[in-house]
Amino acid sequence: MNDSARLDTTLIDAMTRFDPGPNAVRRMGHRIEAAFVADHTPLVAEWMELLRVRPLAGLGYSLAGAAALLLLTPLGWLLSAVLAF
Amino acid sequence: MTLTYAFSLAFGALPDAPPEDEIQALLEAARLGAEDAARRLYRLFVDRVYRAVRSLSASDADAEEVTQDSFAKAFAALHRYRPQAGKPFLSWLLTIALNTARTRGRSLARRARREAPALEHEPQDGAAPDPEERLLQGELRRVLIGALADLPERDREVVALRYCSGLKAPAVAEALGLTAANVRKICERRRSQLIAILEPYLSETGEVRR
C-alpha cells in the first residue's frame, strides 16, 4: 500500500467516529419505514381502512354506550331533582 | 451478500459498495413497495450517509433528521432514479442528502463550536468500556468536527463524500459538479491538513499509519 492509500485509509478509519449509535439507527429506521409504508399505501386503501367493519370493537363500543346511558340517566334525574330542591 | 462485503462489514472497515446488481434488485423491489428491500437498503447505506451528513451538520440531532429525511425522499423518488454506469446508487442518495443538508442551512461551520460535548454522543456497539479510552475517542471526534468546520464548504463536502462515505473521486466530482482532477487535488490537500491535526490523537489510539 503506498503512502497516499495509507493516509486515505487512516482518514477513512478516523471518520468512523461519526457512525450513528444503534439507538439512532433504530429511531431513523422506524421513521423511514413509516414514511415508506405511507408512501406505498394508496389513498383508496386508507379510506377503505377507515370504513372497515370491526365487529368486536363495534360491540365493545355499543356495550359501553348502553351502560353509560343506563347508569347516567337515573343519576342525571337524581342530580336535577337535588338541584331543583 | 457477497463474501467480501460480509467480511468488510464484520471487520468494521468502510467496505467497498455492495455489488451494484444486488442493489439494483433491491431498488426494483423497493420501487414496488417491498418493505424488506427498503429496510435492507437503509441498513446497507445508513452509516455512509450519516457519516457524510454528520460531518456537515451542527449536531447529532441535525444529522439524524437530515439522514432520515434524505432516505425518506430517496425512497419516495425511486421511480425517478435511473442507474448509470460509473454512478453508483450511493452517489444519487448522497446528492439528495447534501441538498437536504444545504436546504436546512445547518452547515457545520457556523455552529460546530457550540456543539454539545462529544461524550454526549451515543456510544456505538462495542464502544470501548475503558472510560479513559472513551474520553480519548470523544476528544478525537470533537477535534475532527472542529477541523472539518474550519474547511471551506466545498472542500468539506468533498471530504465528506470521499472520506466519510467512501465514494471514489469521479463519483464525488459528478455529485458536486467538479472535475475528478480537482477533487483529487482537494483531497490531497485536506487529507494532509486533517491528519496533521488528528495525528496526536491517532497516535494515542495507535491508528496513525505513516
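The following exercises, with worked solutions, concern a predicted model of chain A and chain B.

**Exercise 1. Characterise the interface between chain A and chain B by its extent and by its main contributors on chain A.**

Step 1. Count the participants: 32 residues of chain A are in contact with 50 residues of chain B.

Step 2. Consider the area. The two chains bury about 3900 Å² between them, and 62% of this lies on carbon and sulfur atoms.

Step 3. Identify the leading contributors. R17(A), F18(A) and F36(A) supply 22% of the area that chain A buries against chain B, more than any other three residues.

**Exercise 2. Describe the polar interactions across the interface, and then the make-up of the side of chain A that touches chain B.**

Step 1. Begin with charge pairing: six salt bridges are counted between chain A and chain B. A salt bridge joins the side chains of E64(B) and R27(A), with an N to O distance of 2.7 Å.

Step 2. Extend the search to polar contacts. The rule finds 11 residue pairs across the interface, both residues being at pLDDT 80 or more.

Step 3. Assign secondary structure. On the side of chain A that touches chain B, the elements giving two or more residues are helix 1 (3-14) and helix 2 (22-39) of chain A. Helix 2 of chain A provides the largest share, 14 residues.

Step 4. Classify these residues. The side of chain A that touches chain B has 15 nonpolar, eight polar and nine charged residues.

**Exercise 3. Locate the residues that touch the most other members of the largest nonpolar core, and examine the surroundings of F71(B).**

Step 1. The largest nonpolar core has 72 residues, of which M15(A), L41(B), F45(B), V49(B), F71(B) and F89(B) touch the most other members.

Step 2. Helix 3 (residues 35-56) of chain B gives the largest share of this core, 12 residues.

Step 3. Set aside the neighbours of F71(B) within four places in sequence. F71(B) is then in contact with I32(A), as well as with L41(B), Y42(B), F45(B), V46(B), V49(B) and L93(B).

**Exercise 4. Determine whether A81(A) is buried, exposed or partly exposed, and place it in chain A.**

Step 1. A81(A) belongs to helix 4 (residues 55-84) of chain A.

Step 2. Its relative accessible area is 44%. Buried requires under 20% and exposed over 50%, so A81(A) is partly exposed.

Step 3. A81(A) and P42(A) are separated by 39 residues in sequence and by 55 Å in space, C-alpha to C-alpha.

**Exercise 5. Summarise the architecture of chain B.**

Step 1. Chain B contains 10 helices and zero strands.

Step 2. Of its 210 residues, 48% count as buried.

Step 3. Among contacts in chain B with a separation of 6 or more, 66% come from residues 24 or more positions apart.

How values were computed
Residues are numbered from 1 along each chain as its sequence is written. Chains are lettered from A and ligands numbered from 1 in the order in which they are written. This is a predicted model: local features need pLDDT of at least 70, side-chain atom pairs count only at pLDDT 80 or more; totals for chains, interfaces and linings use all residues. Side-chain values use heavy atoms; hydrogens and water are left out. Contact means heavy atoms within 4.5 Å. Buried area is the accessible area (1.4 Å probe) that two parts lose on being put together, summed over both. A salt bridge is a side-chain nitrogen of Lys or Arg within 4 Å of a carboxyl oxygen of Asp or Glu. A polar contact is a pair of N or O atoms within 3.5 Å; within protein, one must be able to donate a hydrogen and the other to accept it, and residues adjacent in sequence count only if both atoms are side-chain atoms. Helices (H or I, at least four residues) and strands (E, at least two) are DSSP runs, numbered from the N terminus. Ala, Val, Leu, Ile, Met, Phe, Trp, Tyr, Cys and Pro count as nonpolar, Asp, Glu, Lys and Arg as charged, and the others, Gly among them, as polar. A nonpolar core is a set of buried Ala, Val, Leu, Ile, Met, Phe, Trp, Tyr and Cys residues joined through side-chain atoms within 4.5 Å. Buried means under 20% relative accessible area, exposed over 50%, partly exposed in between (1.4 Å probe, protein chains only).
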